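I opened a notebook page for this structure. My plan was to look up aromatic pairs, salt bridges and surface charge, in that order.

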Amino acid sequence: MPLKTRALTSSRLARRVLSSSLVKAATTPHGIDRYVEMIDPLWSGTEVRAEVVEVCNKTPDSITLTLRPNQNWKGFRAGQFVRLSVEIDGIRRTRCYSPANSQFRRDGHLELTMKVDPNGLVSPFLQANAKPGLVVQLSQAQGEFFLPLPHPRSILLISGGSGITPVMSMLRTLTEKAYIGKITFLHYAFTEDDVIYRAELDAIKAKYEGVRIIRAYTAQQTGGELHGFFSKEHLVAADRHYAEAETYLCGPMPLMDSVREIYEAEGLSDKLHLEQFAAPIRSVSTDDAEGSLAFSTTGTSVENNGRTILEQAEAAGLNPEYGCRIGICFSCVRTKDSGTTRHVLTGDLCSDNDINIKLCVNAPVGDVSIAL
């Protein structure tokens with residue numbers, strides 16, 4: 001047989017073998033993805049995965065991860081958040097974090113900075129285990145907290161603690177794109193050592209004339225520009241033309257409530273945009289709870305105590321997936337088979353059957369069955 005003919009025959013045979021192997025893999029319980037990810041853990045046909053390429057601690061109680069996402073990542077707008085998932089003791093755990101980098105970062109990497117909660121689950125796990133090479137799962141970017149186009153001519157950024165991350169992304173994005181409007185950044189921290197991006201904020205302040213950085217320390221009476229907690233006086237000191245600016249706010253609930261009260265009192269609520277990752281105030285009482293809560297998939301049933309379905313499921317020994325616990329990330333969505341539920345933040349009732357609900361912000365009203 002001529003050499004050329006033999007080569008063509010071998011090539012066709014190799015393709016047939018490969019095709020046969022892929023077909024066989026596709027018909028196994030795990031499918032093709034499981035086999036390809038043994039070679040490349042980042043590869044997935046649909047899932048966003050990201051590899052940790054750098055880990056650092058910008059403050060003693062925070063951890064910053066730089067992530068390289070796979071080809072399924074579609075990017076984000078400064079201010080949005082992602083749901084990060086890791087497997088802990090065989091269970092996938094999900095939390096929401098806002099990228100802190102510019103949305104135009106050239107290498108396409110993501111920077112996530114999180115405060116480590118010693119009583120938490122995911123952040124302590126990442127602090128102990130995150131190192132270059134670790135692969136995590138991500139959602140696509142979500143949320144309506146981002147800068148509009150065209151950008152406002154005057155922007156006021158207010159943050160506190162780890163709430164600095166989404167507004168830091170906004171600041172980095174604006175300065176990178178040579179934004180020519182006015183930016184005021186008012187950030188609250190206990191002390192100067194608790195400011196996560198302190199060095200970079202100092203550098204931005206020195207470099208950009210149109211950016212005004214105001215650091216407020218609540219437990220330190222020296223350094224910074226302001227001391228104590230947010231007030232109308234602080235707001236005026238930061239930007240006396242605040243009523244003309246679009247304000248973007250993220251931080252702990254006391255700070256957010258204080259800012260919101262002032263803006264509402266002055267009729268400026270339409271100028272205030274906020275991102276909230278702390279649990280909102282519950283508006284529904286648990287005093288009149290009755291009936292039972294059934295988890296149809298596991299066959300478990302408990303007496304309804306009026307708390308959210310997620311809380312009652314956990315108390316019953318179940319481990320449903322969740323993320324934000326405040327009703328914004330959709331991680332805990334499950335099907336309600338039957339019964340009436342009440343949204344614990346709004347008080348709204350839902351009596352429809354066979355619909356999806358969020359376990360973290362819905363409580364049973366009488367007998368309810370959930371596919372869990």
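Is F145 buried or exposed? I looked up its relative accessibility and found 3%, so F145 counts as buried. I note here that the model is predicted.

**Entry 1: aromatic pairs**

I counted the aromatic pairs and got three. I began with F145 and Y248. Their ring centres lie 6.0 Å apart, and the planes stand at 65 degrees. Planes over 60 degrees apart count as edge-to-face, so I logged the pair under that heading. I then placed both partners in the chain. F145 sits in the loop between β6 (135–138) and β7 (154–160). Y248 belongs to strand β11, residues 246–250. The two are 103 residues apart, and the pair links distant parts of the chain. I checked the cover on the second ring too. Y248 has 1% relative accessibility, so Y248 is also in the buried class.

Next I took Y242 and Y263. What is the geometry of these rings? The centres are 6.2 Å apart and the planes meet at 55 degrees, so I entered the pair as tilted. This pair also links distant parts of the chain, 21 residues apart. I found Y242 in the loop between α6 (232–238) and β11. Y263 is in helix α7, which covers residues 253–265. Both Y242 and Y263 are buried.

**Entry 2: salt bridges**

I turned to the charged side chains. The count came to 16 salt bridges. I looked at E200 with R172, where the closest N and O atoms are 2.6 Å apart. E200 lies in helix α5 (residues 198–207) and R172 in helix α4 (residues 164–176), so this bridge ties together parts that are 28 residues apart in sequence. How is each partner covered? E200 has 27% relative accessibility, so I list E200 as partly exposed. R172 has 12%, so R172 counts as buried.

I went on to R198 and D193. Their side chains meet in a salt bridge at 3.5 Å, N to O. R198 has a relative accessible area of 30% and is partly exposed. D193 is partly exposed as well, with 49%.

Then I looked up D202. Its salt bridge is with R215, and the closest N and O atoms are 2.9 Å apart. D202 lies in helix α5 and R215 in strand β9, residues 211–217. They are 13 residues apart, and I marked the pair as linking distant parts of the chain. The two partners fall in separate classes. D202 is partly exposed at 34%, whereas R215 is buried at 15%.

Which residues share a salt-bridge network with D202? I found K205, R215 and E225 linked with D202 in that network.

**Entry 3: surface charge**

I finished at the surface. D287, D288, E290 and D367 gather there in a patch of negative charge. I followed up D367. It lies in strand β18, residues 362–370. Is D367 buried or exposed? Its relative accessible area is 54%. Exposed means over 50%, so D367 goes down as exposed.

**Recap**

I closed the page with a few pointers for my next look. F145 and Y248 form the edge-to-face pair I looked up, and Y242 with Y263 the tilted one. Helix α5 came up twice, with E200 and with D202. The negative patch includes D367, in strand β18.

Technical notes. Residues are numbered from 1 along each chain as its sequence is written. This is a predicted model: local features need pLDDT of at least 70, side-chain atom pairs count only at pLDDT 80 or more; totals for chains, interfaces and linings use all residues. Side-chain values use heavy atoms; hydrogens and water are left out. Patches are made of residues with over 30% relative accessible area and no salt bridge: like charges are joined within 9 Å, nonpolar side chains (Val, Leu, Ile, Met, Phe, Trp, Tyr) within 5 Å. Accessible areas come from the Shrake-Rupley method with a 1.4 Å probe; for residues, only the protein chains shown count as cover. A salt bridge is a side-chain nitrogen of Lys or Arg within 4 Å of a carboxyl oxygen of Asp or Glu. Lys and Arg count as positive and Asp and Glu as negative; His and the chain ends are not counted. The place of a charge is taken as NZ of Lys, CZ of Arg, CG of Asp or CD of Glu. Helices (H or I, at least four residues) and strands (E, at least two) are DSSP runs, numbered from the N terminus. Buried means under 20% relative accessible area, exposed over 50%, partly exposed in between (1.4 Å probe, protein chains only). Rings of Phe, Tyr and Trp (its six-membered ring) pair if their centres lie within 6.5 Å; planes under 30 degrees apart count as stacked, over 60 as edge-to-face and the rest as tilted.
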